[in-house]
Amino acid sequence: MPYTMVSFHAHPDDEALLTAGTLARAAAEGHRVVLVVATAGGAGLASSEVLAEGPLAGRRLAELHRSAEALGCARVECLGYGDSGMADAPSGAADAFAGTDPEEAARRLAELLRQERADVLTIYDPAGGYGHPDHVQVHAVGARAAELAGTPVVLEATVDRRLLQRVLRAVHWLPGVPADFHPARFAGAFAAPERLTHRVDVRRFAGAKRASMAAHASQAGADTGRRTLAVLLKLPQPLFRILMGREWFVQHGRTPAHPLIDDVFAGLR
């Protein structure tokens, strides 16, 4: 039976890092996948060369559509809020998503959920992953929107914190790895393993996930150095498949149990 999944993100490229494999898998299995971003990502980091080409927001939305095509998404929507920037470097946008009324934004997202008759909504964990203000707001707005629309399954897209720490301790000292890949930065980020309900195998869709990441070319570099996307895209394909072949979720209302669930639609069957 086909279902509809709405995947809600803060900025273009966020879908590539946390959910791309799951979205590609769902689309390949015949489900309808809808990608929604709160902002066009106009305050994102980019090189001066990229910024000289014109407004970043427009370019990033075009990249989002290329990513969505690579993943098989049926619809792409942007709610049109301003990119808030990082907590220590706010954009100052008057319409910044992080500063908007969560109830108002939730009503807008809930209307889309009702239009789509969404069965599953993906959001972020309460920490917003690594703490970006817009990511934290995605959690609050998404959870409320699902409540308003009666969406039956809500999944927090996250990462196994313990596993992430192990990987960072192994690679942070390698040449070319950005300094902010230090394990200490992510000590409280994402989700503790005991909270996880899903570990989704997306190894068969590693190619689509890599294409999704590559679509966001403006976010692969900045004048201050290489960024996460650039580092991941440099990985040899077999290593990329190993490191990026699982995606993690916490389902609202479900008690964690082992083994972790591999099917994001399991709660509907």
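## Contacts, strands, cores and charged pairs in a predicted model

Beyond its neighbours within four places in sequence, Met-86 is in contact with Tyr-130, His-132 and Pro-133. The model described here is predicted. Met-86 belongs to strand 4, which spans residues 85-86. With a relative accessible area of 32%, Met-86 is partly exposed. Its C-alpha atom is separated by 35 Å from that of Ala-28, a residue 58 positions away along the chain.

Ser-212 was examined in the same manner. This residue is located in helix 9 (residues 206-215). Ser-212 is buried, because its relative accessibility is 0%. When neighbours within four places in sequence are left aside, Ser-212 is in contact with Glu-15, Ala-16, Ala-20, Ser-67, Ala-70 and Leu-71.

The nonpolar interior was considered next. In soluble globular proteins, nonpolar side chains tend to be buried together. In the present model, the largest nonpolar core contains 56 residues, and the members that touch the most other members are Val-6, Phe-8, Val-36 and Phe-97. The surroundings of Val-6 include residues from several places in the sequence: not counting residues up to four places away, Val-6 touches Val-34, Val-36, Leu-112, Leu-113, Glu-116, Ala-118, Val-120, Leu-121 and Thr-122. Another core, of eight residues, lies apart from the largest one; among its members are Ala-16, Ala-206, Phe-240 and Met-244. Ala-16 is also one of the contacts of Ser-212.

Strand 7 covers residues 153-158, and six of its six residues are buried, so the strand is largely enclosed by the rest of the structure. In a regular strand the side chains alternate between the two faces of the sheet. In strand 7, Val-153, Leu-155 and Ala-157 point one way, whereas Val-154, Glu-156 and Thr-158 point the other way, and all are buried. Strand 7 pairs with strand 6 (residues 120-124) in the parallel sense, over five bridges. Within this pairing, Thr-122 has Leu-155 of strand 7 as its bridge partner. Strand 7 is also joined to strand 11 (residues 246-251) by four bridges, and these two strands run antiparallel. Here the bridge partner of Leu-155 is Gln-251 in strand 11. Leu-155 is thus a bridge partner of Thr-122 and of Gln-251. Thr-122 is, in addition, among the residues touched by Val-6.

Cysteine residues were then inspected for covalent links. A disulfide is a covalent bond between the sulfur atoms of two cysteines. The structure holds zero disulfides. For Cys-73, the closest cysteine sulfur is that of Cys-78, at 15 Å, and no bond is formed because this is too far. Cys-78 is likewise in no disulfide, the nearest cysteine sulfur being that of Cys-73. Cys-73 is buried, with a relative accessible area of 15%, whereas Cys-78 is partly exposed, at 28% relative accessibility.

Charged side chains form 15 salt bridges in the structure. One of them joins Arg-25 to Glu-29, with 3.1 Å between the closest N and O atoms. In this pair, Arg-25 is buried, with a relative accessible area of 11%, while Glu-29 is partly exposed at 40% relative accessibility.

A further salt bridge connects Arg-144 with Glu-147, whose closest N and O atoms are 3.2 Å apart. Both residues lie in helix 7 (residues 133-149), and because they are three residues apart, about one helical turn separates them. Arg-144 is partly exposed, with a relative accessible area of 28%, and Glu-147 is exposed, at 58% relative accessibility.

The side chains of Lys-209 and Glu-247 also meet in a salt bridge, at 2.8 Å from N to O. This pair links distant parts of the chain: Lys-209 is in helix 9 and Glu-247 is in strand 11, 38 residues apart. Both Lys-209 and Glu-247 are buried. Helix 9 is also the location of Ser-212, and strand 11 is joined to strand 7 by four bridges.

Finally, salt bridges link Arg-32, Arg-75, Glu-77 and Glu-116 in a network. Glu-116 of this network is also among the residues touched by Val-6.

Note on methods. Residues are numbered from 1 along each chain as its sequence is written. This is a predicted model: local features need pLDDT of at least 70, side-chain atom pairs count only at pLDDT 80 or more; totals for chains, interfaces and linings use all residues. Side-chain values use heavy atoms; hydrogens and water are left out. Buried means under 20% relative accessible area, exposed over 50%, partly exposed in between (1.4 Å probe, protein chains only). Contact means heavy atoms within 4.5 Å. A disulfide is a pair of cysteine sulfur atoms within 2.5 Å. A nonpolar core is a set of buried Ala, Val, Leu, Ile, Met, Phe, Trp, Tyr and Cys residues joined through side-chain atoms within 4.5 Å. Two strands pair if DSSP finds at least two bridges between them. A salt bridge is a side-chain nitrogen of Lys or Arg within 4 Å of a carboxyl oxygen of Asp or Glu.
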